[in-house]
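Okay, everyone, thanks for coming. I'd like to walk you through a structure, one piece at a time.

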Amino acid sequence: MSSAALSHVSAGSGLRRALTRNRGALIAAAVLAILLFIVDAISAGPLTYFDVSFLSSGGATSALAAIGQTIVILSGGFDLSAGAVISLVNVVLASSMDPMASGASVFLWTAAGIGVGMAVGAFNGFFIAVLRMQPIVVTLSTMFILQGVTLLVMDKPGGFVSPDLGTFYLGDAITGWLPMPLVVIGVVLLAWFWLKGTRFGTALYAVGSDADSAAAVGVNVVLVRFAVYVIAGGCYGLAGVFISAQTGSGDPLVGNPLLLSMFAAVVVGGTRLGGGQGGPVGTVFGAYILMMVVNILLVLNVSAYYSTIAEGTILVLAALAGSISHASVLAVQLRAARARLAAWRAGILPSQLERVERRLKISSPAHGQRNLAAPRPAFHLRNAEALRYALPAYVCLLVIVIVTQVWLGRAIFNPGYWNSLLVLSSFLAVLALGQGTVILTGGLDLSVPWTIGISGIILAGMVNGSDAALLYALPVVLLMACAIGFANGFGIVYLGISPIVMTLATNGILQGFALLYSQGTPAGFSSPMLRWFMTAKLGFVTPVVLLMVIFVIIAVLLLGRTPFGRRVYGIGNGLRAARLSGIGVERTLILVYMLSAVCAAVVGIMLTGFSGQASLGMGDDYLLPSIAVVVVGGALITGGRGHYLGMLGGVLLLTALQMLLAGTTLPYATRAILYGLVVLGAVMALRERQPQ
Amino acid sequence: MGIGLKVRRLALLAGMAVCAFGMSAAEAAEKHKIFLSMSFIGNDWQAEAANMVKAMASHKSMADKVDLQVQVAGPNAQRQIQQINAMVQAGAEAIVIFPVSPTALNQVVKNACEKGVKVFAYDAEITEPCAYNVHIDQEEAGRVTAEWLVKKLNGKGNIIAVTGVPGTSVDDLRTKAAKEVFAKYPDIKIVGEAVGMWSQAVARTELSKILATRNWNDINGLWMQVGCFTANSMQLEAGKKASELLPCAGEGSNGGRIQMLPEGTEVEGAASPYAPLGAPRISYASPPYSGALALKLAVEAIEGKDVPKKTILPLPVVTNETIKLCNEGTWAEMKAGCNAFKPSLVSNPGWFASIFSDQTPEIGLNAALVGQPEN
């Protein structure tokens, strides 16, 4: 696997192969060099050793954590608990160090931090590897649990981290020449190279490329997966130690915002999501590229409202640069377009070719008769797969409702309870269709928060309390959502940018537009009719509940009974197979992202009606839940499997759980832990079957 | 290879463009170079505070003294650390910060102070002793509002508490102080508690969840860091009359302030629930002018004036006895005692109305809305 293994090949071709193999990392390094050059050229003084030293410590936490994330992703996994581990290690260190003690052992505390991280990794690894549960939902539950535990350890910023740690981690390895953070990262990378050369390293890439084949040739998949999460946990733990050294104190929220940029760093560094390709070296460059953006924005004096737009653009450009090659999607699309143009000039369009029948001649089977003869299997047999994955959510929902009745009273026989449950579920139910369809194709839509935000803000601004204005405001907002979705889909399909990076960038750009449009103060408010729709009561029922019934029926039909739905499942089950079966993959994917954006816009409109006005950041709390409900409802995060009714069950379950917790007076930390545990328990039934 | 060439050419072009920037910066050499490092700009409070800082910097008394650059770090402490350092390297004389964390920035702030840079934190606190802090007393905010609510309820009743962002010092100080007050009255029971994230939208979903298993009639009062406007709207939707609204101790949103005006008051642009209801309220806020004031103090500090390390802002408290509608919202008018703005001027009820300080005659309503200073 490693380029060292190629040393026996002649030098020239060996070099070329090494270049090809490490293209992602090399291009990321080049982009970083260009950014450094720009900062150096523009800023007042030349880059001194001090600058380099400071930059190196600035990106070190995300680089270390992102190395762990890369290893998980290489094995085909996904880890959402990374940010929470960093926070936990930070507060554990800050709350247990004694300010009175004369010195602190750097080695001991580092070991403690890494140990905490590895323990969490073992927890993740147990559920993912041994119990064969989906990484995204296990690590999401872990994230909630850890956030609760972190707040129990330390409920507000404070504490003390010995300056000895800071002196060690932020100091110089060789005075004036080599800053310590780079040495730390270097050591981790060296450990990685050693690991990669071992049998374990080979097994890791094999599991990430194709777990079934790896198992077939005798790789112990369970052990490899378990070890991966433990190693990754150690990396997050080290990142937590580093940020503790850097800040000299504890803050229970310090690690959480690192999560999304960590994924961006991995992708910008040339590692493919889904596993099997790339490596931590590129990731380190990716992490530093993302941190350099801060300096670039400063030296270019980009004004605050534009900063997220600039950041999103840089992210897309970096991803594009990383994919420059003869084989990249963009290049292939350009070649195809050129070929089409040339053909058009020459007058030989495919439609004008004389076609020869090339299909395989298969004698037509007598399937018509056979079908008549065989009885139609019973409902539960035909839908066994869907039932197996959708039912657990509903069973858990039932349990939660009963617990609510016993604990708080006034649930089962209280129509108000059911109405509230359905109204509060309606937002996620709509989002679940969009996000769920994207996930069915194997993608992910991270632009949901600000698609919701900008839709609500523009709608409120246009409507401004007038029912008549809804007539044109609704179409305008929905059309805008179509354009947003089209942009996402276009970038993913035609520019070959990974869905996570593309939609993350779109999210930032939309945030900038929302700020510019509203000048920071969203104007306008919902019209009476929209508010009536979301908050009034016809008897016991809020009007939006009736719409939800229709929406659910349409959603089920759309995914289950239309050609569009079948194409979505086809793409999720195998892109190449789908393409070869004649599915217009490009068009379908673009439509999928447009559907997701439209769903998000509808949620923005509904939230505006529900709250009476729109506010900046109104969509922020809907991103992770929108992914969680889809997975809790039995969908596979890598695509191809899932049913809308299952996702709906996930929505109802999580909403009912939140209502139960909100009705108690438990402290927030305990609620977070309970929430995580229940989600984990609910998906226990969704375990993958033992491979035969 | 062609692409590499293009990239190089682009970099060159960028370099040239920046030379142009550089020259304009050189012309402004006599101005004080001040940076503003915001944490996050995606919510109403932050955007309003940013507008007021901008207005302050462009006021005629400041415009030829100050060269202000505003940067956003997002919610990520690590990025703010790097940003502050880059600002120091870029030759800042003062840095005004909305700190992501009260403790995580200590090292970099100390480093900046050692280089002679004045560091001002607004709204939230930086615990490093060399930093200047401009904020309200959060414990006082929690205590005063809780005491008001207890008095309204005559020391007896069921209340719902909606807190802020868990894990932040501001939320912790306010909530603990309030709970200490409630604990003194055994007949006051907190029957529901929710995390409101300082957002009207979140307050609504959380209250809806609580009320799914409860009834408005079982509740006697509300203590909310943000959300009284929403709570009042929800009570109206549930069929309560304006005269039956529960006492609510909470935020200084303009919607909440308008609701405090006596029912039937003529207000331009009012439409229920953003209308006068005579709602029993105490309204307080972390005032969004604190960033602008910090900037003003930073300039004074650079000019050698003596500025105290800690500026505790007076807690802006408005009750039904002191509520008064502004006509235009100029600073002079606010000084005369008005504290709520017509919906025709401020269409967003979630907008924060505590924008008056007698120390900042440079900024009025237009500063908060569109970044325009007073004359």
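Let's start with helix α13 of chain A, where the buried residues are Leu258(A), Ser261(A), Met262(A), Phe263(A), Ala264(A), Ala265(A), Val266(A), Val267(A) and Val268(A). That's 9 buried residues out of the 11 in the helix, which spans 258–268, so we can call α13(A) mostly covered. Before I go on, please remember that this is a predicted model. Just past the end of α13(A) sits Gly270(A), and its phi is positive, about 95°.

Now, α13(A) comes back when we look at the domains. Chain A is assigned two of them: domain 1 covers 18–325 and domain 2 covers 387–686. Their centres, taken over C-alpha atoms, are 30 Å apart. How many residues of each are in contact? On the domain 1 side there are 35, and they meet 36 from domain 2. The elements of domain 1 that put two or more residues into that side are α7 (135–153), α13 and α15 (304–322) of chain A. The largest share comes from α7(A), with 13 residues. As for character, the domain 1 side has 25 nonpolar residues, 9 polar ones and just 1 charged.

Staying in chain A, let's talk helix packing. Helix α12, residues 221–247, packs with helix α4, residues 60–74, at about 175°, and the axes are 8 Å apart. Are they parallel or antiparallel? An angle over 145° counts as roughly antiparallel, so that's what α4(A) and α12(A) are. The contact includes Leu64(A), Ile67(A) and Ile71(A) on the α4(A) side, and Ile231(A), Leu238(A) and Phe242(A) on the α12(A) side. By class it's 16 nonpolar and 3 polar residues, with no charged ones.

α12(A) also packs with helix α10, residues 199–209, and here the angle is about 100°, with 10 Å between the axes. That makes α10(A) and α12(A) roughly perpendicular. From α10(A) we have Phe200(A), Ala203(A), Leu204(A) and Val207(A); from α12(A), Val221(A), Val224(A), Arg225(A), Ala227(A) and Val228(A). This contact has 8 nonpolar residues, no polar ones and 1 charged.

Okay, over to chain B. There's an open sheet of 6 strands here, with parallel pairing, in the order β2-β1-β3-β4-β5-β11. Which strands are at the edges? Those are β2 (66–72) and β11 (310–313), each pairing on one side only. From one strand to the next, the twist averages 15°. Helix α3 of chain B, residues 77–89, packs on the sheet and touches β1 (32–38), β2 and β3 (94–97); its direction makes about 175° with that of β1(B). At the β11(B) edge, strand β5, residues 132–136, is joined to β11(B) by 4 bridges, and one bridge pairs Val134(B) with Thr311(B).

One residue in chain B I'd like to point out is Met52(B), in helix α2, residues 44–58. Why do we call Met52(B) buried? The cut-off is 20 or more other C-beta atoms within 10 Å, and Met52(B) has 28. In sequence, Ala367(B) is 315 residues away from Met52(B), yet their C-alpha atoms are 5.1 Å apart. Other contacts of Met52(B) include Pro288(B), Tyr289(B) and Ile363(B).

Last stop: where the chains meet. Chain B gives 75 residues to the contact and chain A gives 76. The chain B side divides into 35 nonpolar, 31 polar and 9 charged. Thanks, that's my tour.

Key:
Residues are numbered from 1 along each chain as its sequence is written. Chains are lettered from A and ligands numbered from 1 in the order in which they are written. This is a predicted model: local features need pLDDT of at least 70, side-chain atom pairs count only at pLDDT 80 or more; totals for chains, interfaces and linings use all residues. Axes are lines fitted to C-alpha atoms, for helices over the stretch in contact, and angles run from 0 to 180 degrees between N-to-C directions. Angles under 35 degrees count as roughly parallel, over 145 as roughly antiparallel, 65 to 115 as roughly perpendicular and the rest as oblique. Two residues are in contact if their C-beta atoms, placed from the backbone, lie within 7 Å. Ala, Val, Leu, Ile, Met, Phe, Trp, Tyr, Cys and Pro count as nonpolar, Asp, Glu, Lys and Arg as charged, and the others, Gly among them, as polar. A residue is buried if 20 or more other C-beta atoms lie within 10 Å of its own, exposed if 12 or fewer, and partly exposed in between; C-beta atoms are placed from the backbone. Two strands pair if DSSP finds at least two bridges between them. Domain bounds come from an automatic or database domain assignment. Lists of a residue's contacts leave out its neighbours within four places in sequence.
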